[in-house]
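Here is a quick tour of a protein model for someone new to reading structures. Keep the picture open while you go through the points.

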There are 2 protein chains.
Amino acid sequence: MALPETGQSLADRLLAGDRRALARAISLVESDDPRGWELVREVYPHTGHAAIVGLTGAPGAGKSTLIGALTKLRREQGRSVAVLSIDPSSPFTHGALLGDRIRLTDHFLDPGVFIRSMANRGALGGLSEAALQAALLMDAAGREEILLETVGVGQAEVDIIDHADTVVLVLMPGSGDSIQALKAGIMEIPDVIVVNKADHPLTDTMVREIRGVLSLAPQRGGWRVPIVRTEAHLGRGVPELVERLDAHRAFIERQGTLPERRRRNLRSEVLSICAHRLRQRLEERLRDDERFGELLDEVVARRLDPASAAAEVLERFEREGGRSAPVQHAPRQRSADR
Amino acid sequence: MALPETGQSLADRLLAGDRRALARAISLVESDDPRGWELVREVYPHTGHAAIVGLTGAPGAGKSTLIGALTKLRREQGRSVAVLSIDPSSPFTHGALLGDRIRLTDHFLDPGVFIRSMANRGALGGLSEAALQAALLMDAAGREEILLETVGVGQAEVDIIDHADTVVLVLMPGSGDSIQALKAGIMEIPDVIVVNKADHPLTDTMVREIRGVLSLAPQRGGWRVPIVRTEAHLGRGVPELVERLDAHRAFIERQGTLPERRRRNLRSEVLSICAHRLRQRLEERLRDDERFGELLDEVVARRLDPASAAAEVLERFEREGGRSAPVQHAPRQRSADR
């Protein structure tokens, strides 16, 4: 498909590292604009160079402050950074940088730092899809390190954090939920664990608890998960964290597991895009479908069970061909074409 | 479709409230056996009578102990109870009832109590689907109250808790993660909030925090979310919780929102079953598909972007017809039919 002039030049500007082009490109994928997808297609061959670090953890654990401190260090090392926050409770999302978060505003003036948030709650499938495309755009724009901030609630079928090369779990002392989730196997063992707010009296207890959980977890190819204590608001422990991130990167490159991890991640990304689009087409098709409304009435009246209703819906969907349904359009009139 | 003799009698025995028939029926839906789906279809007209209460909260908050205490009270009221636990960290799941959980074993001997757990991690779509079918079977078997235990991590596209008539969030003092999630809007406002382990010194602080969050949340049709303090292991506060549950039930019945809530839940259940089956068929189709392997190689080599690969996969899937793919079969030979 031929690209419009503007698209072409947007790709060129993006590949040259232009921040405004990057911002515009991300807005296109975020709004599910076909030009956004086309742009990703075009710049995709230029991706794969960034180190993608995912930081996950409950709201309030201090992920954003930690990202601010990490960004500062990376900039001092001369590396360019992009931050993508997909945490609705993040200060990046709210644009309100109050209290000790004010230091983040420094970065907004630094052309070597690009910060973006996405928090379109209720459209998880679509959000995750868009976030991954945004990360690719950041990569294509030449950002050397991409920091993904997500809420560590896990269990979503499509988990953005799975697409990081290195996964960091951020905990704070006294917050038992996350460690319980880790213990119960609900949350996967990350590559690096940070205990932030490490001036808290319960820090040692928490570190011991984490060691206990890790000692029971299966070893993964010889990588020993480090536990790093930080006080992100003071920058304490952050140099050690950077060292650990670099060590993990070196480890996966040495072991040759990076390509394998990326292949697995890309496979799940392709499948997720497929599944999301299939569901999108189905919902689109059913939105004003009178027969679907009638089926639901039958289900509510307990005359037809949900699985049989689903089977009928799927049969019609497939008979009529999923592909012909428009993916996007303005609200239309109720159809009466039965 | 004609039912085999055994299926027929299983349905009859289930509807008569036979515990072994119920256990067998749930095993069928859990293993995705077509006889399970057929059974649900058959008994579905007899469902819709049970009060479905979902209890959600982080691992360690004491949901299982609370469910034990609730069950005891409901039995004293002469009501039959079924417990369905979908929390991998639950003692119900492990069958290990140690320490103060030992009292739950009393219930195992009571024919008026049926306890079942499902925790097939990694198959969330399928798990959630099976759990909802299991709840329908419990309902058909005449259980008056169904207690669903889930981990409150939210954000999964298909959330089992959405299918409860009354949602209870169980918190414990000092555990900040859940309240932060509530505050950030990641977790939906429940119908009833329990602060368990209320002998903890931080209880008052937590109750104040919750009040703060609730005061900012939008009112929902006049229901004021109660905060109940419990010490579940001693049974303290549990009678008050039962009162609140009954009050919420009376409220939704009086307001007429129960049918509306159930219609919304059933709609999302039908869509989830459809989406899950579409994805299942797609993955099945791709499992040994050489062309998909080649597409992935292209993606990994950065020559083809994930969305374009997904578009090609979908096009082939639709051209070849999703319906012809077998849903279940033994591993087959690699096909070389390109």
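What follows is a short briefing, grouped by topic.

Keep in mind that this is a predicted model. Chain A has 13 helices and seven strands. Of its 338 residues, 46% count as buried.

**The sheet in chain A**

- Seven strands line up in an open sheet, in the order S3-S2-S4-S1-S5-S6-S7 of chain A, and the pairing is parallel.
- At the edges sit strand S3 (113–117) and strand S7 (227–229) of chain A, each of which pairs on one side only.
- Going from one strand to the next, the twist averages 20°.
- Look at one end of that order: strand S6 (residues 192–195) of chain A is joined to S7(A) by three bridges, and the two run parallel.
- If you want to find one of the partners there, start at Val195(A): its bridge partner in S7(A) is Arg229(A).
- Helix H4 (residues 63–76) of chain A lies across six strands of chain A, namely S1 (51–57), S2 (81–86), S3, S4 (145–151), S5 (166–171) and S6.
- The angle between H4(A) and S4(A) is about 175°.
- Chain A also has plenty of links between distant parts of its sequence: among contacts with a separation of 6 or more, 76% are between residues 24 or more positions apart.

**A covered strand in chain B**

- Now switch to chain B and find strand S4 (residues 145–151), where seven of its seven residues are buried.
- In a regular strand, side chains alternate between the two faces of the sheet.
- On one side of S4(B) you will find Glu145(B), Leu147(B), Glu149(B) and Val151(B), and on the other Ile146(B), Leu148(B) and Thr150(B), with both faces covered.
- Strand S1 (residues 51–57) of chain B runs parallel to S4(B), and seven bridges join them.
- Within that pairing, Leu55(B) has Glu149(B) as its bridge partner in S4(B).
- Strand S2 (residues 81–86) of chain B pairs with S4(B) too, in the parallel sense and over six bridges.
- Here Ile86(B) stands opposite Thr150(B) of S4(B).

**The nonpolar core**

- The largest nonpolar core has 173 residues, and those with the most contacts inside it are Leu137(A), Met138(A), Leu137(B) and Met138(B).
- Which residues does Leu137(B) touch, not counting those up to four places away in sequence? They are Leu14(B), Leu22(B), Ala25(B), Ile26(B), Val29(B), Val40(B) and Val43(B).

**Where helices from A and B meet**

- Helix H11 (residues 257–286) of chain A and helix H13 (residues 306–319) of chain B have axes that come within 9 Å and cross at roughly 55°.
- That is why H11(A) and H13(B) are oblique to each other.
- The crossing of H11(A) and H13(B) is right-handed.
- From H11(A), the residues that meet H13(B) are Leu266(A), Glu269(A), Val270(A), Ile273(A), Cys274(A) and Arg277(A).
- On the H13(B) side, they meet Pro306(B), Ala307(B), Ala309(B), Ala310(B), Val313(B) and Leu314(B).

**A closer look at Thr257(A)**

- Thr257(A) is found in helix H11 of chain A.
- Why does Thr257(A) count as partly exposed? Because it has 16 C-beta neighbours inside 10 Å, while 20 or more would make a residue buried and 12 or fewer would make it exposed.
- Leaving aside neighbours within four places in sequence, Thr257(A) is in contact with Gly221(A) and Ile252(A).
- Thr257(A) and Gly221(A) are 36 residues apart in sequence, and their C-alpha atoms are 9.1 Å apart in space.

Definitions and conventions. Residues numbered from 1 in each chain as written. Chains lettered and ligands numbered in written order. Predicted model: local features only at pLDDT ≥ 70, side-chain atom pairs only at ≥ 80, totals over all residues. Pairing = 2+ DSSP bridges. Helix = DSSP H or I, 4+ residues; strand = E, 2+ residues; numbered from the N terminus. Axes fitted to C-alpha atoms, helices over the stretch in contact; angles between N-to-C directions. Contact = placed C-beta atoms within 7 Å. Core = buried A, V, L, I, M, F, W, Y, C linked by C-beta atoms within 7 Å. Parallel < 35°, antiparallel > 145°, perpendicular 65-115°, else oblique. Left-handed = near helix turned anticlockwise from the far one by under 90°.
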